[in-house]
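Trainee: Please take a close look at one part of this model, the first hairpin along the chain, and set it within the fold as a whole. I would be grateful for one connected account.

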Amino acid sequence: MNIPRIQSAIAEEEHFLVVLFSNGERKRYDINRLTNSEMFFPLKNPAFFKNVSVESGGYAVSWNSEIDISEYELWEHGENIP
């Protein structure tokens with residue numbers, strides 16, 4: 001399966017990410033599904049959550065060296081935005 005790379009990611013209210021992929025598609029991803037995990041717990045902090053960035057090559061989004069989400073996860077579980 002050829003998953004498109006991430007071009008940009010924007011943190012929205014209520015812990016959603018809007019992700020633009022290299023094929024032009026946009027998806028909305030709900031972070032709330034992850035925040036019960038200890039690794040992702042810091043994302044509950046709105047100021048921290050807003051500091052999302054796209055990793056080099058577009059293979060993931062990250063907040064620091066310990067918290068990231070792969071392009072596969074975002075692509076497969078994100079909701080299409082028309």
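Mentor: The chain holds two helices and seven strands, where helices (H or I, at least four residues) and strands (E, at least two) are DSSP runs numbered from the N terminus. The model is a predicted one, in which local features need pLDDT of at least 70 and side-chain atom pairs count only at pLDDT 80 or more, while totals for chains, interfaces and linings use all residues. Residues are numbered from 1 along each chain as its sequence is written, and side-chain values use heavy atoms, with hydrogens and water left out.

In sequence order the elements give the pattern β-β-β-α-β-β-β-α-β. The radius of gyration of the chain is 12 Å, close to the 12 Å that the globule rule gives for 82 residues, so the chain is as compact as a globular protein of that length. This radius is taken over C-alpha atoms, and the globule rule is 2.2 Å times the number of residues to the power 0.38. The C-alpha trace spans about 30 × 25 × 20 Å along its principal axes.

The hairpin itself is built from strand S1 (residues 6-12) and strand S2 (residues 16-21), which run antiparallel and are joined by six bridges; two strands pair if DSSP finds at least two bridges between them. Within this pairing, serine 8 stands opposite leucine 20 in S2. Three residues lie between the two strands of the hairpin.

The loop deserves particular attention. Most residues other than glycine have a negative phi. Glutamate 14, which is not a glycine, nevertheless has a positive phi of about 65°, and its place is in the loop between S1 and S2. Histidine 15 lies in that loop too, and it likewise has a positive phi of about 65° although it is not a glycine. In exposure the two residues part company: glutamate 14 is exposed, with a relative accessible area of 60%, whereas histidine 15 counts as buried at 16%. Here buried means under 20% relative accessible area, exposed over 50%, and partly exposed in between (1.4 Å probe, protein chains only). Of the 82 residues of the chain, 39% count as buried.

Ahead of the hairpin, methionine 1 is found in the segment before S1. Methionine 1 counts as exposed, at 79% relative accessibility. Leaving aside residues up to four places away in sequence, methionine 1 touches Tyr72 and Glu76, a contact being heavy atoms within 4.5 Å. Among contacts in the chain between residues at least 6 apart in sequence, 49% join residues at least 24 apart. Methionine 1 and glutamate 55 are 54 residues apart in sequence, and their C-alpha atoms are 20 Å apart in space.

Further along the chain, three strands form an open antiparallel sheet in the order S4-S5-S6. Strand S4 (53-54) and strand S6 (68-70) stand at its edges, each with a single partner strand, so one side of each is left without a neighbour in the sheet. S4 pairs with strand S5 (residues 60-62) in the antiparallel sense over two bridges, and valine 54 stands opposite valine 61 in S5.
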